[in-house]
Amino acid sequence: MTEAILSSVTTVAEKRGNGFWSLAWQRFRDDRVGLVSLVIVAAFLVVVLLSATGLVAGNWNQEVAIHDAPPDLWGLLKPAAPAVVENAMHQEQVTPTAESIEEWKNIEAMLSATVVDPLADTLQALGADHETVAVVKEKRASLPFGGDRWGRDVLSKTIKGSQTSIIVGLSAALLATLLGTVLGALAGYYGGRIDDALNWFYNVFSAIPYLLLILAVAAVLQQRGVTTVILILGLTGWSGVFRLIRAEYIKHRGREYVQAAHAFGVPNRRILFFHILPNVFHVVLVNISILAVGFIKAEVILSYLGFGVKVDEVSWGSMLNDAQGELILGRWWELVAAGGAMALLVTAFSLLTDAMRDAMDPKIQKAS
Amino acid sequence: MTAYIIRRLLQMIPTMLGVVLLLFVLFNWVGGDPAYILAGKMSNEAQIANIRHQLGVDQPAYVQIGIFLKQIVTADFGSSWSTNEPVSDILKTRLGPSLTVMAPLMVLGTLLAIALSLVVARLRRSLTDRTVMVACTVGMSVSILVYIIVFQYVFAYRLGWFPVQGWGDSLWTNLTTFAVLPILIGLCVGLAPDLRLYRSFVLDEIDQDYVRTARAKGLSEMRILWIHVLRNASIPIVTCVMSSLPALLVGSFLIERFFSIPGIGREVLLAVERSDFPVIKAIAVYVAFATMFANLAADLIYKAVDPRVELK
């Protein structure tokens, strides 16, 4: 009996680093759902990295296939038709009349979202006339995930869109968490006037419904692009973190270790960010994760509405915008690709957040 | 109680002023000179000066804030910059359609989520419970855009069960024809997060001593669940519902946009597209104020349904 206890004591003592983080990691390792989610999220991050460095999906903006090329999933869905040589009539043209066709094509593209084009047959006839003079370019008849209206590869678009959406979500989450943490720490630690002022600021921000606030800022900024979206989301989304971190700092400021640090004459700045912050960092981490999920969703909506990324950039939101028009024509693949990629990432990210919270806060019982 | 309400109302004043200040800074400073937006591309100095004078933006900042405050109090925000329709008219006429969709949606959504959360919490840790929870997590991960696009395509465009979009003049037609699919979509999108939340509220109650006592004295499970547990779990639920009430005013931006419902949400999106600042400003101010009152009401109801709560 004693031996057993002794041996268990030694094994515990032998294990190095029984600190908070290694204990959390041990708990996390036992969470199978959490591990799978971590792998999926990590895979997305790798793809983002590869795409950001231009190793994959660099040519998402090129017409690599015929327009509305069907998906074949590398031959699984249906045998891929041999590559065809199609006239590239909606490419840059050599004949002046072809330009007007291009215009018609654009108008058709706009109209086709809502109505059936009555001129479709005429256009086709016109196109046939120009087949002989148009620039000939080899294009693929099908693509693994299909092609969009302009013959761009949906798989590349999805990868590039993941890059945009994930980078926006993570950066905005970092920005918002940074703001919320610093303000929350100041308010919670110092209390008094500073707390009153920051609390007032918080109340003002949380009084305006979130989406309305985002739209108001978007209206004012009059700019599109990744950086703008990050700023909009980051600068408006800090209030939740502020409240949590403030509560944590209020709890911690009376603890013995903080009083001891005070007695040693450690400056407040140091106590705030070197003594207390590591103890509340798990709250920060979980919040980055929660915010990232929310911001990815928000970015998709903003970009869909045209208040997000620029027209020459692609995100899941702008893809869904394209996909809406294509769906009515029976082209479902872009919707499935963009919606599916987002659903997969967000599900994995949410489950990862839950697993992280469970691992880092053993006091909270699992909610099941 | 009265003293508490008065104190809370007084505390609201600095927040309201803060909201006004925030919107003022956003639209009058960050937004740039509205005269250039209004005058358009073809404009000369005299025109711009004239517009600046009309809007009062050539005045010092404190006068402009005064103008803004006066606009809020008198509910007269002038005219929309793009359609010249008085902003107060826009707010009045757009409120009805938003409420037509949102009010039934909120009532049905809350009732459905409460009923399902009780059932699911009762079956805790069973396969059904876990399946429902996984389905909720996955359901919440799918973009609201996908729901709207797919539902509109399948049920309106392909099957033709509902009109693809549109809005009528009679409340009855709107409720029975045009609002049905938007409400259904709203239910599907809102159910998963509500269900998860309400389930956790119910689970907080289901292990309490009073439940065991009720069971010990031989009450039926149904009665325990629907009377005893529900009454206690409804405290946080009511707070949640109350604080989501201002959403009634805004409607769902996306649903209104997709179904061409002439509500407040669609108006906001249009205003953002057209840089129609007076409309956004007016809506933001009033919705913010409504949010504050809804929060106060939530606290008061909290006290009313749970006498243990002390208001401070």
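## Helix 8 of chain A

Let's start with helix 8 of chain A, which covers residues 210–221 of this predicted model. Its 12 residues reach 17 Å from first C-alpha to last, close to the 16 Å expected at 1.5 Å a residue. Just after helix 8 of chain A comes A:Gln222, which has a positive phi, near 60 degrees.

Is this helix mostly covered or mostly open? Helix 8 of chain A is mostly covered, with nine of its 12 residues buried. Those buried residues are A:Leu212, A:Leu213, A:Ile214, A:Leu215, A:Ala216, A:Val217, A:Ala218, A:Ala219 and A:Val220. Their packing partners come from both chains: helix 9 (226–236) and helix 12 (268–305) of chain A, along with helix 1, helix 12, helix 14 and helix 15 of chain B.

## Where chain B meets chain A

Helix 8 of chain A leads us nicely to the interface. Here 38 residues of chain B are in contact with 35 residues of chain A. On the chain B side, the elements that each give two or more residues are helix 1 (2–30), helix 6 (127–141), helix 7 (144–158), helix 9 (180–206), helix 12 (246–250), helix 13 (253–258), helix 14 (264–273) and helix 15 (277–305).

Which of these helices gives the most? That is helix 1 of chain B, with eight residues. By class, the side of chain B that touches chain A has 28 nonpolar, nine polar and one charged residues.

## Chain B as a whole

Stepping back, chain B has 15 helices and zero strands. Its C-alpha atoms fill a box of roughly 85 × 60 × 35 Å along the principal axes. Of the 312 residues in chain B, 32% are buried.

Contacts that reach across the sequence are worth a look too. Taking contacts in chain B between residues at least 6 apart in sequence, 69% join residues at least 24 apart.

## A crossing within chain A

Back in chain A, helix 3 (residues 32–52) and helix 6 (residues 154–190) make a contact of their own. Two packed helices are described by the angle between their axes and the distance between the axes. For helix 3 and helix 6 of chain A, the axes come within 9 Å and cross at roughly 105 degrees. The two helices are therefore roughly perpendicular to each other.

Helix 3 of chain A brings A:Phe44, A:Val47, A:Val48, A:Ser51 and A:Ala52 to this contact, while helix 6 of chain A brings A:Ile159, A:Lys160, A:Ser162, A:Gln163, A:Ile166 and A:Ile167. Sorted by class, the residues of the contact are seven nonpolar, three polar and one charged.

Definitions and conventions. Residues numbered from 1 in each chain as written. Chains lettered and ligands numbered in written order. Predicted model: local features only at pLDDT ≥ 70, side-chain atom pairs only at ≥ 80, totals over all residues. Axes fitted to C-alpha atoms, helices over the stretch in contact; angles between N-to-C directions. Helix = DSSP H or I, 4+ residues; strand = E, 2+ residues; numbered from the N terminus. Parallel < 35°, antiparallel > 145°, perpendicular 65-115°, else oblique. Contact = placed C-beta atoms within 7 Å. Nonpolar A, V, L, I, M, F, W, Y, C, P; charged D, E, K, R; others polar. Buried ≥ 20, exposed ≤ 12 C-beta atoms within 10 Å, placed from the backbone. Expected span 1.5 Å × (residues − 1).
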